[in-house]
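Work through the two exercises below with the sequence and the model at hand, and try each task before reading its solution.

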Amino acid sequence: MKQYILVLLPLPLSRIFTYEVSSDAFHLAQIGIRVAVPFGKNKIQTGIVVGYTDDVPTEYEVKSIEFFLDEEPIITIEQLKLWKWISQYYMCSMGQVMKAALPKSFLLESETTLVLKEDSIYSQEDLTDNEFLIVEALENKAVLKIEDIMSITERKTVMPIINNLIAKDILTLKEEVRERYKPKTENFVRLHENYANDNDLRTLLNTLERAPKQKDVILALFTLRAKYGDFIKRSVLIERSQSSSNTIKALLDKEILVQEAFRIDRVKSNKEKGSELKTLNTDQQKAIDNIKLGFENSKPVLLHGVTSSGKTEVYVRLILEELEKGNQVLYLLPEIALTTQLISRLQNYFKHKVLVYHSRYTTNERLETWNHILASKEPYVIIGARSAVLLPFSKLGLIIVDEEHESSFKQFDPAPRYNARDTAIVLGQLFNSRILLGSATPSLESYYNVKSSKYHLAELKRRFNNVLMPEINMVDLKQKHRKKKMKGHFSDTLITAIQECFENQEQVILFQNRRGYSPFMECNTCGHSPQCPRCDVSLTYHKYKGQLRCHYCGFHTAAPTHCASCTSNDLSTKGLGTEQVEQEFKELFPNHSILRMDLDTTRGKNSYQTIINQVENQEVDCLVGTQMLTKGLDFRNVALVGVLNADSMLNFPDFRSHERCFQLLTQVAGRSGRTNKRGKVLIQSYSPDHQILQQVSVYDYHTMYKQQVEDRYQFKYPPYYRMIKITFKAKDITRVQEAANWFYKGLQPLESVGQLLGPEFPAIARIRNQYLMNIFLKADKKHSIASIKNHIYKVKSSFESIAPFRSVRCVIDVDPY
């Protein structure tokens, strides 16, 4: 008897597929188990069993599954519920959520390989040159991949050649499914059983008198056995005995030592002893009591605590309580840089109970973390960036979203375009767990939820040890330029303050929210500026590499020596980036060291940790960087923060620019004076009297909030209205315009729910040779968002059925901010 299961595939398709399972194997088809299934022409895909059905679809042939990949489910029922919510709310397919959630090691795909047919008959005269090269290669090597054929023939289009060889009955195609995950192993050695008793051992040492290095290894082995037991790491033994691999190999060949490979955990800490918890002050204890009051009322809690008020210690106490109950804790952070600093701090408290999950981890490390959370009965605190919200929790007691205001929690590309903070709240509701959001500068949406009584508010208004908040002063760049008191981009006020810090052996942070040397290069003769050939942006000059680079598509070219338009060699750079700040600092302070922290210097897996360690160990005097610096980093010896130019953040074309400017400047100011001495902040600006800068200077969050929410209400922006952005992308500008205009007409009935804006080209209308057009829908919250989304789905479905628009990609982004 045939039985049928529903299988979810990691594809951008809105449907779930039905597959056939034999009655004998049906008991293996548990919900949450991976199965290998045929999909398309000769392809094998990894799917997840999500249900059972008796209704057999008639629109396609139902195929049988190939085989089961798991004995136990690798995802939970709660995860499937969360995936469904993300799919519905953010208007994407569940397959896209699945692909984003699962580590790549779980997603096995078949690989096409080529093999010669047995008993195939051919002659060289019947083959073209390229066909002969392929056949000759297959005679020497039994199996070839498509990439190998491309390399052999030096062609990108090879399928016509392969199809000819198949037609001539010379070769055939095979599909192979390969496991991506490889366990990490390490070699351990022990003494052979032949030398278990003392007499045999004494005889052995006597025979090794002529091989002193080998004897040293055996003596070192005995020293280490007291600490590690019978099996000793080969690398540890080599180091302790000051020998080499060749010496160990000689002992293995003589069967004096025995070697075995053991599987090593990539992600768990080996720490077994934790440090004592710090004593909380009165303000922190009151905050904890207030937070627990919110938890008792089953509300998410917003902890509004000024920078360096000790929010992390509050989190630590709450985490400890949950771990003692046997619950898991999710600790979400916006930036990997912050994750690296927090890991060691939490490991000091919670030892091996700390797991980490973020994009800098390898696929194998992520898979091991996944399995620990899924299979282990031990409670863990899981620290991670936004993707950690998709992990397979089983007993989730507490969710902490630190720096909840950060835009890094929002995924922009590819789908699902979810916000991890909002998703974490839904996840918490699924598990009935406690939810705590923390920030020194809460997002307007979260603070609005406090005012609407959806969230409970707890506050920490003073810094730890009652240290005063940093003194913030404005530096008027117009006056400084007029009085000729500038050296490059450094005012005399900033230079004097930096010198004072260095005299007191204190550190300095310089903030400039743009990487590279300068945003563009310009010809002083004709005004020409090099542009990206793929995007409508100027190329950024990177002096360190001698390149012009596009920060949107990655295009780069060597920096020109003369103008491409008029051949003049009178070229100059305009604007300021972190590389230029670094160079000017070295010219002004040649005897002091500086490090740069931006995307260019933090691409390596451990680069964040290296930079943070150097600053913490006071190996550098100054740290210059972009917004990475603003995200909760804790440097104890920083006494001065200098903002080189605050105006670029104020004048950004975004309805949140003023809010984000306040948050960035307040957060970067908070890196100063975090121990005993009051810190100092200097903000250089051409408009120091701007209301946002004045509010930053006195830490007036509440006035900023009142003014911004009033503006949002007037101009129909969140939190009063919901926003949906629909973007159209294609290489043909005319086709994009036609598609966007057609879609807009289909959406016109929605004008009654709020505002329908567009279609309009964005500020950067072409990226990666694709032209973009946007339609914005602002919907009043009193209208049903579900019916609005259903209408958009219907329009999109009709749009995708129109042949001329098939080359146009339509992207829907819910809450695009």
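**Exercise 1: a sheet**

In this predicted model, strand S24 and strand S25 (residues 547–549) pair in the antiparallel sense over 3 bridges. Starting from this pair, work out in which order the strands of the sheet are arranged, and why one side of S24 and of S26 is left without a neighbour in the sheet.

*Solution.* Begin with a single bridge, in which Thr-540 has Arg-549 in S25 as its partner. Next, extend the view to the whole open sheet, which is formed by 3 strands in the order S24-S25-S26 with antiparallel pairing. Strand S24 (540–542) and strand S26 (556–558) stand at the edges and each has a single partner strand, so one side of each is left without a neighbour in the sheet. Finally, follow the strand directions across the sheet, where the twist averages 30° from one strand to the next.

**Exercise 2: a pocket**

Describe the second largest pocket by its space and its lining, and find which element gives the largest share of that lining.

*Solution.* First take the space, which is about 810 Å³ in the second largest pocket. Then turn to the lining of this pocket, made by 30 residues, of which Asp-422, Ile-425, Asn-449, Lys-454 and Tyr-455 lie nearest its centre. Among the elements that give two or more residues to this lining are helix H1 (77–89), helix H15 (444–451) and strand S32 (721–730). The largest share, however, comes from H14, with 6 residues. As a last step, sort the lining by class, which gives 13 nonpolar, 8 polar and 9 charged residues.

Definitions and conventions
Residues numbered from 1 in each chain as written. Predicted model: local features only at pLDDT ≥ 70, side-chain atom pairs only at ≥ 80, totals over all residues. Heavy atoms only, no water. Pairing = 2+ DSSP bridges. Helix = DSSP H or I, 4+ residues; strand = E, 2+ residues; numbered from the N terminus. Axes fitted to C-alpha atoms, helices over the stretch in contact; angles between N-to-C directions. 1 Å grid on protein atoms, 1.4 Å probe; cavity = no way out; pocket = protein on both sides within 12 Å on 5 of 7 lines; lining within 4 Å. Points joined across faces, edges and corners; volume = space filled by probe spheres on them. Nonpolar A, V, L, I, M, F, W, Y, C, P; charged D, E, K, R; others polar.
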